[in-house]
Amino acid sequence: MNTTDTSENVREQIAALLPRLRRFARNLTRNSHDADDVVQIAIERALTKLDQWRPDARLDSWMFKIVWNAWIDELRSRGRQSQLFAGAEAGEYVGESLMDREADLLSVQAAMATLGEDQRAAVSLVLIEGLPYKEAAEVLEIPIGTLTSRLARGRDALQAMLAPPEGAKI
Amino acid sequence: MSIPDEILAAYVDGELDPAACAKVEEAAHNDPRTAQRIDQYRALRSQLQAAYAAELEESVPDRLFAALRSSPPRAAPMVADLATARATKGRKPSSVTAAALRWRYSLAAGVLIALGVEFFAWRHTRPWLEAPDGTLVARGSLANGLSDQLSGEPAAGPPLRIGLSFVAKNGNYCRTFSLANDAGLACRRAGRWEILALAKQRSTESAASQFRTASSPFPAEILGAVEGQMSGEPLDRAGESAARDKRWNNAPR
């Protein structure tokens, strides 16, 4: 297998990942236009360092990491603090009826939007994108212990905001 | 004895080794409150995945495909090769991708339909499966067994049997398995075991050892999937051990 074949092959695999990359970016940016900008930057960066990707590593993790770094750079260049958006309009969604699907979706996304950047990234990678802890920690460049504590806090916050289905409450 | 929340969460996230999984499953069996907490973690995970599933079906803007097609500045020679490759195939990368994606997302549903279970019902009865991104994959004890167990070896924990292991046409390692009343075909891809086929077993006894004999109790759907995937002969014991040692990453070609 020569380098050109590998590169073409990797591009096709990245193409197949685009829906997930956009979803992850949208969870980070909470804005679909920003999300596509971040994904585009990530694609451009990835193409300049395709030779750094090792075939035994997960391509999705590698791409998520590039997306995450692109977003962090964007935040820095905008001069934002990482927890800026946390906690804004959480209240109005709490206790909302989950009887219909629309309401459910709205609530989940609204609840996610109230988490800080770090928790939202951890929850997105593990609970939505399905990455193992080890991979998610590498994407965010943090120790596994830090990842699991962000995950635990994110999960607790979401559980408090989202009524458990069928009233399953302890 | 109460198991801490982070362990229960790690269990639901498929992060525990077989021994720890067994401990949690035993605790859940004996203690309804533990079982309920596991259900809550699982419910949150499902709720999040359901809420974000639709985003995967949105069409990707052309500008992203265009960015992906453009060549990095320092790898100029690639342009000619890419163009040639594309001309030979006579199709645009974006349409290829769309077709591949449609196939992927219909797969998880198709696999389960073969089982005769409703799309969401399987979660409750088969904790060893999950579909994090629309692809059905092994988790927990099944994932561990597929990675660690050699064919025909009796399992220490759950009644998992590995039938045979082989290299698929695309170079990935695949293994057939039977677990509880299911039989299936799992292939290693991107560091996880994707379930390509799953069906109810006709008989739970000695499914693995009688594989591919005339009276095989292995369901026809699985045999069909194996025939469709396999290139060459099944791995022998040495081949299996070697593949296991390199964690089932792509077979040498």
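Here is a chat between a student and a tutor about a predicted model of a complex.

Student: Before we look at any details, what ipTM does the predictor give the complex?

Tutor: Keep in mind that this is a predicted model, so start with the scores that come with it. The pTM for the complex is 0.53. The ipTM is 0.79.

Student: And what share of the residues in chain B reach a pLDDT of 70 or more?

Tutor: Some stretches of chain B score low: over residues 73-110 the pLDDT is below 50, though the stretch has 29 contacts in the model beyond near neighbours in sequence. Residues 112-121 of chain B also stay under 50, with 13 contacts beyond four places in sequence. The mean pLDDT of chain B is 73, and the share of its residues at 70 or more is 67%.

Student: Okay, on to the contact between the chains. Which helix of chain A gives the largest share of the side that touches chain B?

Tutor: The contact takes 47 residues from chain A and 40 residues from chain B. On the chain A side, α1, α2, α3, α4, α5 and α7 each supply at least two residues. The largest share, 14 residues, comes from α1(A).

Student: How many residues on that side of chain A are nonpolar?

Tutor: Split the side of chain A that touches chain B by class. Eight residues there are polar and 15 are charged. The nonpolar count is 24.

Student: Let's go into chain A. Which residues have the most contacts inside the largest nonpolar core?

Tutor: Nonpolar side chains tend to be buried together in soluble globular proteins. In this model the largest nonpolar core has 52 residues. Leaving aside neighbours within four places in sequence, A:Val67 touches A:Leu21, A:Phe24, A:Ala25, A:Val38, A:Val39 and A:Ala42. The residues with the most contacts inside the core are A:Ala42, A:Met63 and A:Val67.

Student: How far apart are the end C-alpha atoms of α2(A)?

Tutor: Take 1.5 Å a residue: the 17 residues of α2(A) should then span 24 Å. Its buried residues include A:Val38, A:Val39 and A:Ala42. The end C-alpha atoms agree with the expected span, being 25 Å apart.

Student: What does the same check give for α3(A)?

Tutor: Among the buried residues of α3(A) are A:Met63, A:Val67 and the tryptophans A:Trp62, A:Trp68 and A:Trp71. With 20 residues at 1.5 Å each, α3(A) should span 28 Å. The model agrees with that, since the end C-alpha atoms are apart by 29 Å.

Student: Is A:Asp34 buried, partly exposed or exposed?

Tutor: A:Asp34 lies in helix α2 of chain A. Its C-alpha is 9.7 Å from that of A:Glu74, 40 residues away in sequence. Count the other C-beta atoms within 10 Å of A:Asp34 and you get 15. A residue needs 20 or more to be buried and 12 or fewer to be exposed, so A:Asp34 is partly exposed.

Student: Now chain B. What percentage of its residues are buried?

Tutor: Chain B has ten helices and six strands. Of its contacts with a separation of 6 or more, 52% are between residues 24 or more positions apart. A second, separate core of 35 residues includes B:Ala143, B:Phe166, B:Cys174 and B:Leu198. Among the 253 residues of chain B, the buried ones make up 37%.

Student: Which residue takes a positive phi in the hairpin of β3(B) and β4(B)?

Tutor: β3(B) is mostly covered, with eight of its eight residues buried. Six bridges join it to β4(B), and the two strands run antiparallel; B:Val167 has B:Tyr173 as its bridge partner in β4(B). Five residues lie between the strands of this hairpin, and the one with a positive phi near 90° is B:Gly171.

Student: How many bridges join β5(B) to β6(B)?

Tutor: On one side, β5(B) is joined to β4(B) by six bridges, running antiparallel, with B:Thr176 opposite B:Leu185. β5(B) also forms a hairpin with β6(B), with two residues between them and a positive phi of about 50° at B:Ala190. In that pairing B:Ala183 stands opposite B:Ala199. β5(B) and β6(B) run antiparallel, and the number of bridges joining them is eight.

Student: Why is β5(B) described as largely enclosed?

Tutor: Strand β5 of chain B covers residues 182-189. It is largely enclosed by the rest of the structure because, of its eight residues, the number buried is seven.

How values were computed: Residues numbered from 1 in each chain as written. Chains lettered and ligands numbered in written order. Predicted model: local features only at pLDDT ≥ 70, side-chain atom pairs only at ≥ 80, totals over all residues. Contact = placed C-beta atoms within 7 Å. Helix = DSSP H or I, 4+ residues; strand = E, 2+ residues; numbered from the N terminus. Nonpolar A, V, L, I, M, F, W, Y, C, P; charged D, E, K, R; others polar. Pairing = 2+ DSSP bridges. Core = buried A, V, L, I, M, F, W, Y, C linked by C-beta atoms within 7 Å. Expected span 1.5 Å × (residues − 1). pLDDT = per-residue confidence, 0-100.
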